[in-house]
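Biologist: I would like a close look at one part of this model. Please start with the whole chain, then work inwards.

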Amino acid sequence: MYAHIDGILCEKEADRLVIDCGGVGYELTVSAATLQQAPALGERMKCYTVLSVREDDMELFGFYSKEERSMYQKLRGVSGVGPRIALAILSTLSVRDLSVALVTGDAAALARAPGIGKKTAQRLVLELKDKVDNQELVGVGASISPEAVPGGDAAGEAIEALMALGYASSEAAKAVSRVSGEAQRADEIIRLALKSMGGF
């Protein structure tokens, strides 16, 4: 119903923003990542949105990027993952960290999110590992944390380079995850990843 809200940020709290758009204040429930991306009060902000309608309530969820919104919708498609749990996951892991965890089968990383047990984490990996797209894996304005793939931004650069060489996003992420602890620079990680895949 609402693709995005673009207006003046007038309220900011722990898990919600209010954006004034044409004199109407839209209350958005948001992740910690979106809250961090929010500008100062009084400045303009655009949020991509999802409207959740239940029998007794309507709630508008806001996301700083299309990729975060897309990942939220994927998470909500998994049985047992409600809107609050999906937001908790996105508040714990960036879109790129989460994408890497899914394609590499790192259920332990997913289980760090509040409300996510071992079984739910495994179900998320099983159902979503093949649904992560390249843009989510590369990420938008986010860095891979050391917990997700050792090597931080160098690992992210290596994944992008391997994808540019024609490797599938999941294959590139798995290869980088295997070797990134052995090197610090992107070029070294790429060389080791290619060697591990038999391409160098």
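How much area does the chain expose, and what share of it do carbon and sulfur atoms supply? Then take me to helix 6: which of its residues are buried, and what covers them?

Modeller: The chain exposes about 9700 Å², and carbon and sulfur atoms supply 49% of it. Areas follow the Shrake-Rupley method with a 1.4 Å probe; for residues, only the protein chains shown count as cover. This is a predicted model, so local features need pLDDT of at least 70 and side-chain atom pairs pLDDT 80 or more, while totals for chains, interfaces and linings use all residues. Numbering starts from 1 along each chain as its sequence is written, and side-chain values use heavy atoms, without hydrogens or water.

Of the 200 residues, 48% are buried (under 20% relative accessible area; exposed is over 50%, partly exposed in between; 1.4 Å probe, protein chains only). The chain has 10 helices and 5 strands. These are DSSP runs numbered from the N terminus: helices are H or I with at least four residues, strands E with at least two.

Now helix 6, residues 118–128. Its buried residues are T120, A121, L124, V125 and L128. They share one side of helix 6 because they cover an arc of only 140 degrees around the axis, taken from the directions from the axis to the C-beta atoms. The face turned away from that buried side carries the exposed residues K118, K119 and L126.

The cover over the buried residues includes helix 2, helix 3, helix 4 (95–103) and helix 5 (107–110). L124 of helix 6 also belongs to the largest nonpolar core, which has 49 residues. Such a core is a set of buried Ala, Val, Leu, Ile, Met, Phe, Trp, Tyr and Cys residues joined through side-chain atoms within 4.5 Å. L75, L98, L102, L110 and L124 touch the most other members. Beyond four places in sequence, L98 touches M71, L75, I89, L90, L93 and L110 (contact means heavy atoms within 4.5 Å). A second, separate core of 10 residues includes I5, L9, L28 and C47.

Two of the covering helices lead on to the strands. Helix 2 (residues 66–76) lies across strand 4 and strand 5, at about 15 degrees to strand 4. Helix 3 (residues 83–92) lies across strand 3 (24–30), strand 4 and strand 5, at about 15 degrees to strand 5. Axes are lines fitted to C-alpha atoms, for helices over the stretch in contact; angles run from 0 to 180 degrees between N-to-C directions.

The 5 strands close into a barrel in the order 1-2-3-5-4, with mixed pairing. Its twist averages 55 degrees from one strand to the next. Two strands pair if DSSP finds at least two bridges between them. Strand 4 (residues 44–54) and strand 5 (residues 57–63) are antiparallel, joined by 7 bridges. There, Y48 faces F63 in strand 5.

At the start of the chain order, 4 bridges link strand 1 (residues 4–12) to strand 2 (residues 16–21), again antiparallel. I8 stands opposite D20 in strand 2. The hairpin between strand 1 and strand 2 passes through 3 residues. Strand 2 and strand 3 pair antiparallel over 6 bridges. In strand 3, L28 is the bridge partner of L17, and L28 is one of the members of the second core. The hairpin between strand 2 and strand 3 has 2 residues between them, and G22 in the turn has a positive phi of about 65 degrees.
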